[in-house]
Amino acid sequence: LWREGKPAVGGFLSIPHAFSAEMMAHTGLDWLCVDLQHGAIDYDDAVNMLTAISTTAVTPFVRVPWNEPSIIMKALDAGAYGIVVPLVNNREEAERVVWAAKYPPQGGRSSGPARAVLYGGADYQAHANDEIAVIVMIETVEGIKNIDEIASTPGVGIIFAGVLGDMPRSLGVTEDAPEMKGAADTILAACKKHNVVCGFPVRPDNI
């Protein structure tokens with residue numbers, strides 16, 4: 001959908017159970033993200049939840065707790081087809097995400113796709129670099145300031161604007177403050193400039 005310039009709608013999973021993940025995967029969403037950052041989910045839970053999601057056509061993502069290569073690689077080896085990394089503030093940190101998510105020569109991901117090869121097929125490693133969604137979250141004043149260099153980082157495919165969480169706190173304002181629209185517009189403009197998909201969280205009260 002993103003490659004065709006179309007929107008994709010998804011949701012975040014915070015309940016550590018395969019059954020709830022499976023139920024959400026049958027609601028018609030395009031993607032689901034297993035949230036290891038703020039959800040009550042550990043790695044064992046995530047593997048079971050990814051297995052449940054893979055019974056449907058929904059694309060499975062994982063949000064990792066931090067920009068740390070080993071957990072990024074483990075999430076991808078478990079079958080995540082998109083990796084969401086929080087609090088990316090500059091180009092160096094964005095490059096670190098790409099390095100962990102891509103196999104050589106584009107990155108440094110270690111070879112050992114474990115469950116991913118069962119989900120993605122025997123030729124998984126031949127196509128993973130082109131198919132894995134590399135998603136970085138912009139959530140701070142520093143990230144907004146450096147948005148142009150982050151959006152232009154080779155390998156970054158999607159930028160997710162954390163306008164409902166850390167960003168307003170970093171700016172020292174409320175979520176409905178005028179400064180938030182300015183921040184969102186800045187991120188969106190950079191994404192359009194560099195042909196990167198831009199994502200925004202929504203709730204019933206801010207759609």
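What is the handedness of the crossing in which helix 3 passes helix 4? We will come to the answer shortly, but one point should be settled at the start: the structure above is a predicted model.

Helix 3 passes helix 4 in a right-handed crossing. Helix 3 covers residues 69–77 and helix 4 covers residues 91–101. Their axes come within 9 Å and cross at roughly 40 degrees. An angle from 35 up to 65 degrees falls outside both the roughly parallel and the roughly perpendicular range, and helix 3 and helix 4 are therefore oblique to each other. If you would like to see who touches whom, look at Pro69, Ile72, Met73 and Leu76 on the helix 3 side, which meet Arg96, Trp99, Ala100 and Ala101 on the helix 4 side. By residue class, this contact between helix 3 and helix 4 contains seven nonpolar residues, no polar ones and one charged.

Now turn to another helix pair. Helix 1 (residues 18–25) packs with helix 2 (residues 43–53) at an angle of about 30 degrees, and their axes are 8 Å apart. Angles under 35 degrees count as roughly parallel, so helix 1 is roughly parallel to helix 2. Here too the crossing is described by its hand: helix 1 and helix 2 cross in a right-handed way. Helix 1 brings Ala18, Ala21, Glu22 and Ala25 to the contact, where they meet Asn48, Met49, Ala52 and Ile53 of helix 2. The residues of this contact divide into six nonpolar, one polar and one charged.

Just beyond this pair is a residue worth a short stop. His26 sits in the loop between helix 1 and strand 2. Its relative accessibility is 57%, so His26 counts as exposed. Even so, His26 has partners from elsewhere in the sequence: setting aside neighbours within four places, His26 is in contact with Thr55 and Thr56. Thr51, in turn, is 25 residues from His26 in sequence, with 14 Å between the two C-alpha atoms.

Let us move on to the sheet. Strands of a sheet pair through backbone hydrogen bonds, either parallel or antiparallel. In this model, seven strands form an open sheet with the order 1-2-3-4-5-6-7, and the pairing is parallel. Strand 1 (10–13) and strand 7 (197–199) are the edge strands, each pairing on one side only. From one strand to the next, the twist averages 25 degrees.

Two of the strand pairs can be followed more closely. Strand 1 runs parallel to strand 2 (residues 31–35), and four bridges join them. Within that pair, Gly10 has Trp31 of strand 2 as its bridge partner. Strand 5 (residues 133–138) and strand 6 (residues 158–161) also run parallel, again joined by four bridges. There, Met137 is partnered by Phe160 in strand 6.

In a regular strand the side chains alternate between the two faces of the sheet. Strand 1 shows this alternation: Gly11 and Leu13 point to one face and are buried, whereas Gly10 and Phe12 point to the other and are not.

Our last stop is Asp35, found in strand 2. Is this charged residue buried or exposed? With 5% relative accessibility, Asp35 counts as buried. Leaving aside neighbours within four places in sequence, the contacts of Asp35 are Phe12, Leu13, Ile41 and Arg63.

Technical notes:
Residues numbered from 1 in each chain as written. Predicted model: local features only at pLDDT ≥ 70, side-chain atom pairs only at ≥ 80, totals over all residues. Heavy atoms only, no water. Axes fitted to C-alpha atoms, helices over the stretch in contact; angles between N-to-C directions. Helix = DSSP H or I, 4+ residues; strand = E, 2+ residues; numbered from the N terminus. Parallel < 35°, antiparallel > 145°, perpendicular 65-115°, else oblique. Left-handed = near helix turned anticlockwise from the far one by under 90°. Contact = heavy atoms within 4.5 Å. Nonpolar A, V, L, I, M, F, W, Y, C, P; charged D, E, K, R; others polar. Pairing = 2+ DSSP bridges. Buried < 20%, exposed > 50% of the residue type's maximum accessible area, 1.4 Å probe, protein only.
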